[in-house]
Each structure stands twice: as C-alpha cells, then as structure tokens.
Amino acid sequence: MGKVSVYTPIAYLVLLVTALAIFSAVYRRRKVQKLVELEPWFGEHIARNVYLTLKTQTNTKVPDKMLKAALLRRAVEDVSRLMSLQENKPALAELNQRGAVGDELWTRYVTAEKIMEVEVQECAMEANTLKPGWAQTLFPSAAEIVQNTRIRERLDKVAKERELLRIKREGLPTDEKDDLLEDKAESGAAKTTPKKKNKAKK
C-alpha cells in the first residue's frame, strides 16, 4: 500500500469545510427567497407611508403639528397590529403544535412579529426626534385610541344586531328592512350634525 500524504487529511478537511460553506450559503439564500415570496401577514402600512411621504417633502415645509398627527396615526396602526398578533398567537401556536396549520402560516406570523418589532422601534425613534421623550407617551395614547375605536365598533355592531332582530320579529319584507336600516343610519348621522337655529325675522 502506498503511503498516505500528510496533506491528504488537510485537503479533505478543506474540501469538507468548503462544501459546508457552499451548502450553508445556498440554504440561507433559498430561505431568504422563500421569506420574500411569502404573503405578508398584514396589508400595506398606509399610515407609515403617509408619514414618510410628509417627512421627505422637499417642495414645501411640512409643519411639525402635521408630522406629529401623522406619526400618531402610524403609532395607532402599529398598536392595532400588535394587539391583533397577541390575540391570535395562543390559538395559532396551539394549532401549529398539533400540525393543524402549515409551517408557512406560522412562518408568516413569526415574520410579522419581527417586522412589527422593527417598526415600533423606528416609530419610537421618529417620535423622540420630533419631541424628546415623546415615545414614552405616544404609544399609550395610541393604545387608548385603539381601545376607544374597538368599543365604538362593538357598540355599533350590537346596535345593528338588535335592530335586525327587531325587524325580524316584526316580519317586514326584505326591501322594507333595507329601507328601514338606511333610514336609521341617516337619522344617526343627522343627530351627530349640529343644527342651526333660524331666527324669525321681526
């Protein structure tokens, strides 16, 4: 048998490390490509786009008050999305453990969590740039707005369900039901609009 060169193990080791490095690079590239191709958990973040558009205006100077209002709307959307993620996580995690949902759905969810972490950090930085220390009160204010909006939506839903139940009990035809609901909506909108009192001419 011929003698084994002392460089043979070294060459084998180099070849093995090179193969592992290539495999790792290809695997990471494919993994990133799959993440890019995944459908996002949330839709387009319009509030963030509006804020960035106002911030990057070059033709006219955007007032700080308008920027702060736009950033508050951005924070409100962030809080709303974070609440949605937190509410869905327990059920989704349990379904994922049972194998009831695919890995793709769970990956979309985890990716959305990471994206929101970065988004909240960027929003906080923007807040402190506009007003030092504002980030500490920005998100609590945004959370209060989200909670109030949810309460109003819940109350409106309950009122609509009660109205539909009342209409069903009265046994009105379908077209009359639609007309009645439209009249209710119009009367509700009219109540929120202040009426001007006409003074009688002497």
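Helices here are DSSP runs of H or I, at least four residues long, numbered from the N terminus. With that in hand, let's walk through this predicted model.

**Stop 1: the aromatic cluster**

Select Trp 41, Trp 106 and Tyr 109, which form one aromatic cluster. Being three residues apart in helix α4, Trp 106 and Tyr 109 are separated by about one helical turn. A search of the whole structure finds two aromatic pairs. In one of them, Trp 41 and Tyr 109 meet edge-to-face, with 5.4 Å from centre to centre and 80 degrees between the planes. This pair ties together distant parts of the chain: Trp 41 sits in the loop between α1 (7-37) and α2, while Tyr 109 belongs to helix α4, 68 residues apart. Turn next to Trp 106 and Tyr 109, whose rings are stacked at 5.6 Å centre to centre, with 20 degrees between the planes.

Now show the surface. Which member of the cluster counts as buried? It is Tyr 109, at 0% relative accessibility. Trp 41 counts as partly exposed because its relative accessibility is 23%, and Trp 106 is also partly exposed at 23%.

**Stop 2: the largest nonpolar core**

Select Leu 71, Ala 75, Val 79, Cys 123, Ala 127, Leu 138 and Phe 139. Of the 19 residues in the largest nonpolar core, these touch the most other members. Colour by helix and you will see that α2 (46-55), α3 (64-98), α4 (103-130) and α5 (135-170) each supply at least two residues of this core. Which helix gives the most? That is α3, with seven residues. In soluble globular proteins, nonpolar side chains tend to be buried together.

Centre the view on Val 79. Leaving aside neighbours within four places in sequence, Val 79 is in contact with Phe 139, Ala 142, Ala 143 and Val 146. Apart from the largest core lies another core, of seven residues, including Phe 42, Val 101, Ala 112 and Met 116.

**Stop 3: along α5**

Select helix α5, which has 36 residues. From its first C-alpha to its last, α5 reaches 53 Å, close to the 52 Å expected at 1.5 Å a residue. The buried residues of α5 are Ala 135, Leu 138, Phe 139, Ala 142, Val 146, Glu 163 and Ile 167. Just after α5, pick out Gly 171, which takes a positive phi of about 70 degrees.

**Stop 4: a buried glutamate**

Go back to helix α4 and select Glu 119. Is this residue buried or exposed? Glu 119 is buried, because its relative accessible area is 2%, under the 20% cut-off. Show what surrounds it: beyond neighbours within four places in sequence, Glu 119 is in contact with His 45, Arg 48, Arg 74 and Asp 78.

**Stop 5: colour by confidence**

Finally, colour by pLDDT. The protein averages 80, and 71% of the residues score at least 70. Among the elements, α2 has the highest mean pLDDT (95) and helix α6 (residues 174-192) the lowest (56). Then select residues 191-202, where the pLDDT is below 50. Beyond near neighbours in sequence, this stretch has zero contacts in the model. Where pLDDT is low, the predicted coordinates should not be read in detail.

Key
Residues numbered from 1 in each chain as written. Heavy atoms only, no water. Core = buried A, V, L, I, M, F, W, Y, C linked by side-chain atoms within 4.5 Å. Buried < 20%, exposed > 50% of the residue type's maximum accessible area, 1.4 Å probe, protein only. Contact = heavy atoms within 4.5 Å. Expected span 1.5 Å × (residues − 1). Phe/Tyr/Trp six-rings, centres within 6.5 Å; stacked < 30°, edge-to-face > 60°. pLDDT = per-residue confidence, 0-100.
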